[in-house]
Structures are given as structure tokens and as C-alpha cells.
Amino acid sequence: HLKRQQSDVILTTEKTVRFDDPLLNVRREGQEEGKVIAIIDSRLSLKKNAKLFTKAKHCHIYHDKNYSVRYPIANCSYHPI
């Protein structure tokens, strides 16, 4: 959690979010801090009920430019690549 606290952004993938459902926040000494999360989700298959969306400061979702954002998730920016 010290390394998370020292990081500007935490990078992960859609598969990690789907299978592990992590919070990816910082929990130290009785304090909790949301971080900026970057997620590689080429096919825009993230589910809006994933835990990290409740704690993240902001999420950047990187996806295949051939996929359109149909159901945007609150507090997320989408970046076609």
C-alpha cells in the first residue's frame, strides 16, 4: 500500500477487474485513499458494479477505437486507441 500511495496512477486490465474485483485503493494506518486508475479494456466489457469504481479518484479506460462507448461508467474517461 505504500507503493500505491506513492504512485500517481495504478494500471490494470479488465480481466483483473473482472476476476479479482479489487479496490485498488490505499489503506494505511487507518486511512483510506482513492487513486487514479488506468484500465486496459479493449472491448469495453467492464461492469459498472466493480468495487474499484466506488473508491477510485478517477478511472481512465483505454479501448479499441473500433468499439463505441454505449454505457459510460460515472467518474471515467474513455480513450480510444
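**A tour around strand β5**

Start by selecting Ile37 and Cys59: Cys59, in β5, is the bridge partner of Ile37. Helices (H or I, at least four residues) and strands (E, at least two) are DSSP runs, numbered from the N terminus. The model is predicted, so local features need pLDDT of at least 70 and side-chain atom pairs pLDDT 80 or more, while totals for chains, interfaces and linings use all residues. Residues are numbered from 1 along each chain as its sequence is written, and side-chain values use heavy atoms, leaving out hydrogens and water.

Now show β4 and β5, which run parallel and are joined by five bridges; strands pair if DSSP finds at least two bridges between them. Add β6 (residues 76–80), also parallel to β5 and joined to it by five bridges. Here, His79 is the bridge partner of Tyr62.

Next, turn on the side chains of β5. Cys59, Ile61 and His63 point to one face and are buried, while His58, His60 and Tyr62 point to the other and are not. Buried means under 20% relative accessible area, exposed over 50%, and partly exposed in between (1.4 Å probe, protein chains only).

Then select Cys76. Leaving aside residues up to four places away in sequence, Cys76 touches Phe53, His58, Cys59 and Ile61, where contact means heavy atoms within 4.5 Å.

Finish with two loop residues. Asp21 lies between α2 (14–20) and β2 (26–28), and has a positive phi of about 50° although it is not a glycine. Asp21 is partly exposed, at 27% relative accessibility. Glu29, between β2 and β3 (31–33), also has a positive phi of about 50° without being a glycine. With a relative accessible area of 74%, Glu29 is exposed.
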